[in-house]
Amino acid sequence: MKIRTGFGYDVHQLREGLPFWLGGIQVPHTHGALGHSDADVLIHVICDALLGAANLRDIGFHFPDTDPQYKGIDSKRLLAEVVRLLRERGYSISNIDSTICLEQPKVNPHIPEMQRVLAEVMGVETDDISIKATTTEKLGFVGRNEGVAAYASVLISKS
Ligand SMILES: C[C@@](CO)(OP(=O)(O)O)[C@H](O)COP(=O)(O)OP(=O)(O)OC[C@H]1O[C@@H](n2ccc(N)nc2=O)[C@H](O)[C@@H]1O
């Protein structure tokens, strides 16, 4: 049995009037995330953690932000492809832990739905996906509501 860990980190700017996709759902807010795709920072860090665990480079390597086919793409499709890449190499996902760094809005009310949506995309149990949130006490770009950051760590295994 080979057990490997992976880690992901990503940031997106927040802009007024954009849709705020986070954890595979749209979160009601005055601002949304800016990006080439739907800019779902939580999905991106889970993708990077999974790719890193399997030593398959990173999300930008597989889905370049210069490629028109990814313009506005639903990041759940990127996640499904990353899971496919791991599965075809014999890896299974043990568990994921993540933290969203965001001053507002509160993420807690949306976490159960995010877990349900992401578990379905990845073919895992909701209990395998931990999602947490924190402010940065008004410090830095997150504290100034200029952006959203996220971190994820994963454990994958193959027999
Ligand atoms: C999801 C996508 C879909 O197109 O776009 P966004 O919606 O985030 O914009 C991309 O995969 C989002 O890739 P992401 O990796 O977050 O973007 P960037 O931070 O700009 O990095 C793009 C690529 O450049 C590489 N890179 C980045 C910084 C750096 N100093 N040197 C590098 O070689 C990274 O390894 C990555 O492969």
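**View 1. Helix α2 gives the most to the shell around the ligand, with 3 residues.** The model is a predicted one, where local features need pLDDT of at least 70, side-chain atom pairs count only at pLDDT 80 or more, and totals for chains, interfaces and linings use all residues. Residues are numbered from 1 along each chain as its sequence is written, and side-chain values use heavy atoms, leaving out hydrogens and water. Helices (H or I, at least four residues) and strands (E, at least two) are DSSP runs, numbered from the N terminus. Along with α2, strand β1 (2–16) supplies at least two residues of the shell.

**View 2. Here's who sits around the ligand.** There are 14 surrounding residues, with His12, His36, Ser37, Asp58 and Phe63 the closest; a residue counts if one of its heavy atoms lies within 4 Å.

**View 3. Now for the ligand's polar contacts (pairs of N or O atoms within 3.5 Å).** A polar side-chain atom of serine 37 is 2.5 Å from a ligand oxygen. Polar backbone atoms also join in: one of isoleucine 59 lies 3.4 Å from an oxygen atom of the ligand, and one of glycine 60 lies 3.5 Å from an oxygen atom of the ligand.

**View 4. On to helix α3 (residues 75–88).** At 1.5 Å a residue, its 14 residues should span 20 Å, and the end C-alpha atoms are indeed 20 Å apart; the expected span is 1.5 Å times one less than the number of residues. At the helix start, a side-chain oxygen of aspartate 74 comes within 2.9 Å of the backbone nitrogen of lysine 76. Just after α3, glycine 90 has a positive phi of about 85 degrees.

How values were computed
Polar contact = N/O pair within 3.5 Å; in protein donor to acceptor, adjacent residues only side chain to side chain.
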